[in-house]
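Biologist: Please pick one spot in this structure and look at it closely, then work outwards from there. I would like residue names and values rather than impressions.

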Protein chains: 4
Amino acid sequence: MSFNSFGRMFRFTTWGESHGPALGVVIDGCPPGIVLRPEDIQTALDKRKPGTSKFVTQRKEPDEVKILSGVFEDERTDGPRTTGTPISLMIENTDQRSKDYSDIRDKYRPGHADFTYDAKYGFRDYRGGGRSSARETAARVAAGAVAEKVLAHVLGGAVWIRASMVQMGPDKIDRANFDWMEIEKNPFWCADAKAAERWAEKLDEARKNGSSYGAVIEVVASGVPAGLGAPVYGKLDADLASAMMSINAVKGVEIGAGMEAAALTGEENADEIRMKDGAPQFLSNKAGGILGGVSSGQDIVARFAVKPTSSILTPRKTITTKGEETTVQTKGRHDPCVGIRGVPVGAAMMALVLADHALLHRAQCG
Amino acid sequence: MSFNSFGRMFRFTTWGESHGPALGVVIDGCPPGIVLRPEDIQTALDKRKPGTSKFVTQRKEPDEVKILSGVFEDERTDGPRTTGTPISLMIENTDQRSKDYSDIRDKYRPGHADFTYDAKYGFRDYRGGGRSSARETAARVAAGAVAEKVLAHVLGGAVWIRASMVQMGPDKIDRANFDWMEIEKNPFWCADAKAAERWAEKLDEARKNGSSYGAVIEVVASGVPAGLGAPVYGKLDADLASAMMSINAVKGVEIGAGMEAAALTGEENADEIRMKDGAPQFLSNKAGGILGGVSSGQDIVARFAVKPTSSILTPRKTITTKGEETTVQTKGRHDPCVGIRGVPVGAAMMALVLADHALLHRAQCG
Amino acid sequence: MSFNSFGRMFRFTTWGESHGPALGVVIDGCPPGIVLRPEDIQTALDKRKPGTSKFVTQRKEPDEVKILSGVFEDERTDGPRTTGTPISLMIENTDQRSKDYSDIRDKYRPGHADFTYDAKYGFRDYRGGGRSSARETAARVAAGAVAEKVLAHVLGGAVWIRASMVQMGPDKIDRANFDWMEIEKNPFWCADAKAAERWAEKLDEARKNGSSYGAVIEVVASGVPAGLGAPVYGKLDADLASAMMSINAVKGVEIGAGMEAAALTGEENADEIRMKDGAPQFLSNKAGGILGGVSSGQDIVARFAVKPTSSILTPRKTITTKGEETTVQTKGRHDPCVGIRGVPVGAAMMALVLADHALLHRAQCG
Amino acid sequence: MSFNSFGRMFRFTTWGESHGPALGVVIDGCPPGIVLRPEDIQTALDKRKPGTSKFVTQRKEPDEVKILSGVFEDERTDGPRTTGTPISLMIENTDQRSKDYSDIRDKYRPGHADFTYDAKYGFRDYRGGGRSSARETAARVAAGAVAEKVLAHVLGGAVWIRASMVQMGPDKIDRANFDWMEIEKNPFWCADAKAAERWAEKLDEARKNGSSYGAVIEVVASGVPAGLGAPVYGKLDADLASAMMSINAVKGVEIGAGMEAAALTGEENADEIRMKDGAPQFLSNKAGGILGGVSSGQDIVARFAVKPTSSILTPRKTITTKGEETTVQTKGRHDPCVGIRGVPVGAAMMALVLADHALLHRAQCG
């Protein structure tokens with residue numbers, strides 16, 4: 001019943017604070033025999049690494065992952081392979097500049113967990129937000145890279161998970177321009193090249209003004225076979241909702257048509273079915289690939305909204321830990337759209353949920 | 001790791017199919033000494049009971065709950081009280097008219113779990129949707145009534161959970177009209193009396209046309225103290241997301257500003273804090289009462305979108321279980337807006353998540 | 001994290017008190033497609049049923065099981081089959097004679113949970129011991145019958161679970177007489193016919209004297225393939241230890257050589273291996289079929305000690321709930337060796353643990 | 001549902017292999033505000049450290065623990081304190097001499113997990129036994145040190161956990177000599193000084209002969225209040241049984257009278273109760289401090305049997321991984337009685353189970 005674990009059969013536990021010596025994740029339940037090298041994980045980590053463009057935090061962290069357990073290699077294994085025992089991954093924190101934390105130590109930053117952590121625990125590790133820092137998502141991305149390997153191993157290699165930012169502030173992409181080939185070409189992982197251009201301009205301005213924007217990220221898993229998931233509290237969509245909502249700053253999660261489903265009629269919403277080449281073919285995907293909590297074989301489509309960065313350069317009204325009214329404003333590092341770094345995190349969570357359900361399905365249904 | 005259980009310390013497991021002899025729920029971890037009478041649960045159940053207006057399914061079920069274990073009364077206990085052992089609640093299914101199920105047995109209804117259950121399990125109990133039926137939510141509502149008692153017991157009686165339908169189809173309520181006193185006065189549990197009037201007219205038409213509408217439900221918990229919840233996967237909002245998304249037909253979940261948070265700037269989104277009467281007071285509630293996964297003492301605000309009923313009287317394209325193209329349409333019972341019955345269910349899920357976190361908080365933080 | 005649940009993938013939750021209206025169990029995670037009829041379960045239940053000989057409690061309970069959910073039958077399923085959804089089993093309590101409970105209400109019976117339940121919960125359902133009654137084991141036996149079917153389904157039918165009482169009071173069986181064919185022929189489920197004869201005489205005397213005896217039960221599972229179990233806290237033997245120790249009145253659990261292993265040397269204890277007919281063959285089974293928490297393919301051998309019935313007709317010193325010194329003695333029903341009814345319960349727990357691990361193994365290792 | 005986690009509210013997950021770069025443990029659910037310094041843990045670890053006498057493995061490991069997360073200190077916290085977030089502890093493996101593993105790579109050592117790991121996972125990290133190595137218990141001892149602090153914090157400092165070896169090979173201690181003051185004075189942690197002398201002589205001989213002895217360890221927790229534990233599968237004794245049986249080489253677990261309870265009559269076994277100084281006093285402790293799965297306020301008494309070390313210098317019959325008959329014998333490091341190092345491990349497991357139940361009790365019963 002851990003607070004810091006996720007998953008049932010493919011279960012991972014993350015640990016670590018923003019400014020502690022390291023952070024990491026322990027994965028339990030991974031099938032044995034899967035080739036797993038540090039570079040498999042490093043490639044994924046590099047995508048969410050701070051400091052890759054002017055739009056993300058300038059904290060300099062190499063985010064180098066170490067595999068501390070759970071893989072074994074000798075002259076007969078053809079590469080390092082998972083052994084079926086816990087995989088412990090660690091990333092050392094290297095950019096912990098000694099700085100003055102007295103401001104965030106003594107004041108509650110609006111939109112941050114400062115106030116609620118104090119209310120719950122009586123005190124907090126205020127350096128960089130401690131456990132509430134988005135640095136924890138590095139552990140998710142590392143675990144997600146392992147999950148992707150598990151999916152390929154269990155489901156036969158066909159699953160393809162991609163994510164795109166589809167809205168920044170009020171500005172949404174044009175679906176007509178959607179092209180997955182674009183996501184690696186702009187700093188927003190955006191599938192609409194034109195939107196990415198607009199956003200670059202707007203975000204640059206926001207950055208200079210010390211303001212910030214929210215974002216919506218869409219994650220799509222293709223190639224997931226029908227049958228993953230379960231009624232009633234083990235629904236695939238319920239697990240995705242929990243997974244996405246657990247990401248820092250997320251305030252909404254949608255599957256398929258999402259909140260817009262409310263505005264549809266039954267005729268518009270039901271995805272009709274035909275046969276094509278001897279297989280069922282849905283004529284639309286309002287369901288986002290999940291019916292009754294179980295995958296239908298269509299693309300799994302999830303979206304989540306990331307609120308605008310709370311750390312902004314404009315002074316905001318707040319109180320001190322002693323209950324005195326004051327103002328607070330961020331100095332130094334400033335991440336004008338945390339949603340950007342949410343893109344690889346969302347993809348990782350999709351992989352983690354699917355890997356879990358792939359194993360669960362194998363357990364129950366063979 | 002159950003598929004059909006929810007919660008950590010206050011944990012419940014539901015069972016039962018639409019057309020089996022009964023359905024029920026077993027609650028584990030309930031504190032001892034709480035007065036619990038069948039009528040405490042029955043009152044809640046009666047709110048979601050079928051057949052209460054022309055807008056909900058005409059299935060006639062008394063939905064009478066029996067408490068089979070976990071409470072004890074003698075001349076010294078001042079009423080039946082929970083003993084700390086599992087509370088088993090059962091509701092017998094009485095309206096199982098023998099009818100012809102061959103149509104839904106042999107065809108996959110679009111928008112239903114028929115296709116995915118067959119894909120997962122190889123066959124299915126097709127009578128009324130079996131386990132995927134919304135009848136399962138009766139068990140949630142029953143458990144939710146117990147959860148409300150637990151909240152009062154553990155937190156001192158101050159928590160108040162209310163829910164309102166805030167959108168039907170594309171038609172949203174006017175927030176200026178919002179009045180909690182209205183929700184018991186119209187068949188939509190709608191806090192905007194004028195919206196309820198419009199909806200009645202529209203839904204009557206949809207019902208006659210054999211069509212259906214989606215809905216958005218908002219659930220608000222007032223009086224929750226700061227400090228409930230936890231980082232990182234035990235976040236209060238992550239658990240609410242999972243809870244709400246697990247309700248039948250839900251496609252989106254929002255906390256506070258929800259998906260709209262993406263469109264805000266950091267200045268607009270951060271809830272500033274002042275002191276009032278010696279206590280912290282937030283000047284807005286974009287966060288929906290949760291920061292860093294932990295309650296802030298503000299109202300907890302969650303919303304979820306329910307898709308339009310998939311069972312409509314218009315023929316839809318589909319295939320048979322043997323892969324032949326055909327059409328299917330619903331006959332008989334027809335529920336033009338399943339969102340209506342989602343209102344008490346959403347409130348129940350809020351109570352269940354909060355009761356769980358109230359106990360978890362007590363465990364960790366005393 | 002339920003208190004009243006057991007298992008990970010094949011997970012069951014029991015509920016019910018000795019003198020409530022009913023008791024039952026909900027099984028989650030059962031594979032679909034397994035033929036399951038009430039009589040499959042009833043046969044197992046009848047073995048532990050009270051009143052079958054003069055050596056077990058004379059409470060008259062038909063212990064008739066009802067399957068309330070999770071199976072479905074139509075003209076195409078060739079019998080009622082599990083659907084993959086929760087299986088709810090219920091047994092109504094029928095022999096709740098109204099009697100005078102004031103004695104056990106006001107006094108703590110030595111060896112019973114009366115004192116500790118009051119200490120924990122503040123009060124207790126004292127009728128027949130409430131939740132601490134051995135009646136709860138009827139739910140285990142019912143679940144165990146389903147587990148046996150799961151084992152046959154998943155592992156191919158080869159697993160055979162048998163149990164024998166191997167000691168009553170200080171009197172142990174003679175291993176030279178061990179014959180599984182005997183267990184159905186005497187009221188002790190004892191594989192040594194001569195021991196059974198001696199025990200009958202001794203126990204008859206104890207019954208008349210109002211005394212009681214403890215017992216040791218041995219459970220053996222044959223045909224379990226190598227590979228079930230897991231390091232480190234998911235060890236097959238750790239789960240068996242928990243399962244057996246959770247049975248009422250059990251004070252010790254052994255695997256293979258058990259406590260006697262301490263007295264052996266390394267040479268004596270290590271089970272040597274040879275090849276036979278192309279397969280590994282162990283030359284002894286000190287390990288009880290489990291090495292490193294994982295099954296070896298040998299017989300799984302577990303034993304547990306059941307303390308003598310605490311309810312005896314001799315007065316024992318105790319205190320009242322108000323802290324006054326007094327004595328207490330049992331009147332009426334008296335079960336001189338509760339270990340007898342522990343035999344089918346032990347077999348059920350073995351089946352339940354193995355079914356769980358069979359599914360877990362399939363999840364992780366395919 | 002992790003394989004490598006234990007506990008419900010105070011939950012820990014261990015990771016690491018004998019010859020990997022490090023091993024560790026992540027603790028989740030720890031209350032905040034507890035002073036925790038590395039030396040608090042180091043002191044416990046030093047007790048089980050290899051190489052402390054000629055009777056334990058001569059592997060040289062400093063076993064230096066690092067706290068990587070979950071504690072925070074500034075000028076106001078009066079020492080490093082737990083924050084309520086996951087506590088990650090790591091111990092680096094330093095004595096990984098490069099040696100020839102081909103023998104244990106290609107042969108199955110009797111009594112070891114070699115054969116079963118291969119059967120389960122298809123291959124194994126054979127260096128030092130990989131995950132099945134007793135080195136994993138260092139992580140338990142580290143976690144146990146934190147658990148002891150939690151017990152003091154939650155229960156008020158009164159709990160005292162001690163452990164003694166009470167049998168080596170067939171040679172048991174004399175209870176008349178039992179003196180807790182002795183356990184720190186001999187290499188066996190034995191409370192009977194005379195037995196320790198005899199054992200030293202015998203074990204020296206066994207060591208020289210390349211043989212080994214089993215052992216029984218008794219763990220006693222004093223000062224545990226009545227009320228910890230729960231029916232039915234969350235019983236304190238069931239959790240202790242699982243905890244103790246999960247320790248390497250353990251084959252039996254007893255509570256109170258243990259297996260001997262079977263030989264007693266009801267009159268002998270029931271612990272009678274009197275009043276003393278206004279409080280209930282039990283006149284004996286056959287129950288080992290647990291009734292109905294719940295602590296009674298008496299000493300909690302658990303025992304477990306450790307089989308003799310399987311790695312002995314005498315050749316034993318076995319097979320190769322290819323199924324050829326051969327013999328195997330241990331070379332080099334040899335631990336003639338692994339039970340010795342089991343003493344601090346058993347004490348740690350007792351602390352871990354009690355800490356978990358202390359938090360669980362607080363959750364349910366306030």
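Modeller: A249(A) has a relative accessibility of 24%, so this residue counts as partly exposed, the class between buried, under 20%, and exposed, over 50%. Bear in mind that this is a predicted model. The reason to start here is the backbone: A249(A) is not a glycine, yet its phi is positive, about 75°. The residue sits in the loop between α6 and β11 (250-255) of chain A.

Now step back to the helix before that loop. In α6(A), ten of the ten residues are buried, and the helix is therefore largely enclosed by the rest of the structure. The buried residues include the charged pair of names D237(A) and D239(A), as well as L236(A), L240(A), M244(A) and M245(A). A238(A), A241(A), S242(A) and A243(A) are also buried.

On the other side of the helix is the loop between β10 (215-222) and α6 (236-245) of chain A, where V232(A) is found. The peptide bond that leads from P231(A) to V232(A) is cis, with omega near -5°. Chain C has a cis peptide bond between P231(C) and V232(C), with omega about -10°. V232(C) lies in the loop between β10 (215-222) and α6 (236-245) of chain C.

Chain D offers a view of residues with these numbers from the side of a contacting histidine. H357(D) lies in helix α8 (residues 339-365) of chain D. With a relative accessible area of 1%, H357(D) is buried. Apart from neighbours within four places in sequence, H357(D) is in contact with L228(D), G229(D), G234(D), K235(D), L236(D) and D239(D).

For comparison with the starting residue, D78(B) is another non-glycine with a positive phi, about 55°. D78(B) belongs to the loop between β5 (71-72) and β6 (81-82) of chain B. At 60% relative accessibility, D78(B) counts as exposed, the cut-off for that class being over 50%.

Next, the aromatic rings. Over all chains, a search of the whole structure finds 40 aromatic pairs. One of them is F6(A) with F12(A), a tilted pair whose centres are 6.0 Å apart and whose planes make an angle of 45°. F6(A) is buried at 10% relative accessibility, and F12(A) is buried with a relative accessible area of 1%. Another pair is edge-to-face because the planes of F115(A) and F282(B) stand at 80°, with 5.6 Å between the ring centres. This pair joins two chains, since F115(A) lies in helix α3 (residues 114-121) of chain A and F282(B) in strand β13 (residues 279-282) of chain B. F115(A) counts as buried at 13% relative accessibility, and F282(B) is buried with a relative accessible area of 13%. Returning to the tilted pair, F6(A) and F12(A) form one aromatic cluster with Y233(B).

Rings also take part in contacts with charged side chains. In chain C, the charged end of R162(C) sits over the ring of W160(C), 3.7 Å from the ring centre. In chain D, R162(D) lies over the face of W160(D), at 3.8 Å from the centre of the ring.

That leaves the contact between chain C and chain B. This contact takes 46 residues from chain C and 46 residues from chain B. The two chains bury about 3,700 Å² between them, 63% of it on carbon and sulfur atoms. Within chain C, the residues that lose the most area to chain B are W15(C), F72(C) and F123(C), which together make up 16% of what that side buries.

On the polar side, there are four salt bridges between chain C and chain B. R105(B) forms a salt bridge with E75(C), and their closest N and O atoms are 2.3 Å apart. Between chain C and chain B, 16 residue pairs are in polar contact, counting pairs in which both residues are at pLDDT 80 or more. On the side of chain C that touches chain B, the elements giving two or more residues are the strands β2 (11-16), β3 (22-28), β4 (65-69), β6 (81-82) and β7 (87-92), along with helix α2 (102-106). Of the elements on that side, β2(C) gives the most, with five residues.

Technical notes:
Residues numbered from 1 in each chain as written. Chains lettered and ligands numbered in written order. Predicted model: local features only at pLDDT ≥ 70, side-chain atom pairs only at ≥ 80, totals over all residues. Heavy atoms only, no water. Phe/Tyr/Trp six-rings, centres within 6.5 Å; stacked < 30°, edge-to-face > 60°. Buried < 20%, exposed > 50% of the residue type's maximum accessible area, 1.4 Å probe, protein only. Helix = DSSP H or I, 4+ residues; strand = E, 2+ residues; numbered from the N terminus. Lys NZ or Arg CZ within 6 Å of the ring centre and 35° of its normal. Contact = heavy atoms within 4.5 Å. Buried area = accessible area lost by both parts, 1.4 Å probe. Salt bridge = Lys/Arg side-chain N within 4 Å of Asp/Glu carboxyl O. Polar contact = N/O pair within 3.5 Å; in protein donor to acceptor, adjacent residues only side chain to side chain.
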